[in-house]
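This report describes how strands are paired in one protein model. Please look at the sequence and the structure before reading on.

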Amino acid sequence: MTRLTMSEIKEVIRLRYINQLSIRQISVSTGIPKSMVSDYVNRFRITGLKAEELSSVSEDELYSRLFPERSMPLKRTFPMPDLDYIAREKRRKGVTWLLLWQEYKSVHPDGYNYTQFKEYCKKHISRLSPTMRQIYNAGEIMFVDYSGLTMDIVDRYTGEVSEAQIFVSALGASGAVFVHATESQKKESFILSHSLAFEYYGAVSKTVVPDNLKSAITKHTRDVLTVNSSYSDMAKYYGCAVIPARPAKPQDKAKVEQAVQGIQRWILAKLRNRLFNTVQELNEAIVPLTEAYNSKVIRGIGKSRLELLEEIDRPEMLPLPKGRYQYREYLIRHVGVDYHVEVSGSRYSVPYKLIKNKVDVWHSATTVEIYHKGYPVAIHPKSKRGSTLTEHMPPNHVMWQEMEPYTYTQLGRLYRLRYCKAHEEYP
């Protein structure tokens, strides 16, 4: 049976007691079934009120007097759980709704049953700020992306204006953000920002979720995922895994997009009228604003992002390695007949027995590391002149070097000529 509104009920009472219409006439006039009209008329008669008093009686009072069975107070009230505490604790690894309910019941044996308890808690979480609604396990995920908003850098000598790129990371559980300005979105800058983010948090997240940036992902389809070699090398160094957001799935990166909006409003907007001559100056201005942003108390949580980082995320994150990751790039090279490989225009030696073999090369700004089938076979300092180690030379080269003042380059040419002649090949 459909319930009538209070205005419809008042109209029924008016027609009956003021206009003196019959139950049937009221039913025909209002379209309300006779049984309902009769029920409301009888309920009003029992209240002892007069029709003339309707205008002075509030709807709530009239409702309680017409329907006392619906307005009866609860026999007992249930103690509410500490909703802010539960919103924080649910982010801890392994903490389930059942565990939180059991803890609540141990303190309040007469409290809500499990279903009601869970419903109240979820409603509270849904009212939190967007960045805190999603629940991630503590220490599990760091989301990374670039802000679509850039900052101008003005050269103090030429007046030339360039755009600094703004890297943003956000931890899944605490929501703590890290902001870093770089000259570009190139791989080296992108990876450096990750290292600085880990150092800011004081630990390493177990997974990193980037957007499908060229600096991070070479190819990402349903069947194929190829992570940039340098980015993958960085992840191995820190012990974390790279799990990029799925293409066209905005929910996978909602956390960092919300963090980007936050830093645009609370950090970049505050710097919009300041003049910066270098990226370093910009980063120096960003640091205190980032601290202030992370120190703000979150509505509905009762703690700041820095406090949540300290209490929830950091204890579950991986420890930092002793030193910062040094950016390096990967190459595949074939060893020439002079037992050298070319890297960045310079030549570096490997053991001569590896001639015509394929080797893997990792080179940074300071070193060149060469591997064969996963084993390191040579490590050289990076140099424009290249490098040749005596232990890589064949015995006759060592002998020639002792007898004649040949340079390593000349020895390599001699050996190449002799090798080609012996194998009937052209040098």
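In which sense, and over how many bridges, do β9 and strand β12 (residues 358-364) pair? In this predicted model, β9 and β12 are joined in the antiparallel sense over seven bridges, and R333 stands opposite V359 in β12. These two strands belong to an open sheet of four strands, arranged in the order β9-β12-β13-β14 with antiparallel pairing. At its edges lie β9 (328-334) and β14 (375-381), each of which pairs on one side only, while neighbouring strands of this sheet are turned by 20° against each other on average, direction ignored. Across β9 and β12 lies helix α10 (residues 229-238), which runs at about 120° to β9.

Another set of pairings involves strand β3 (residues 161-171), which runs antiparallel to β1, to β2 and to β4.

| Strand paired with β3 | Bridges to β3 |
|---|---|
| β1 (residues 141-146) | five bridges |
| β2 (residues 151-154) | four bridges |
| β4 (residues 177-182) | six bridges |

Individual residue pairs show how these strands are aligned: D145 has V168 in β3 as its bridge partner, M151 is matched with A164 in β3, and F167 has H180 in β4 as its bridge partner. Two hairpins are formed here, that of β2 and β3 with six residues between them and with G159 in the turn at a positive phi of about 80°, and that of β3 and β4 with five residues between the strands, where G175 takes a positive phi near 80°. Because eight of the eleven residues of β3 are buried, this strand is largely enclosed by the rest of the structure.

How values were computed
Residues are numbered from 1 along each chain as its sequence is written. This is a predicted model: local features need pLDDT of at least 70, side-chain atom pairs count only at pLDDT 80 or more; totals for chains, interfaces and linings use all residues. Side-chain values use heavy atoms; hydrogens and water are left out. Two strands pair if DSSP finds at least two bridges between them. Axes are lines fitted to C-alpha atoms, for helices over the stretch in contact, and angles run from 0 to 180 degrees between N-to-C directions. Contact means heavy atoms within 4.5 Å. Buried means under 20% relative accessible area, exposed over 50%, partly exposed in between (1.4 Å probe, protein chains only).
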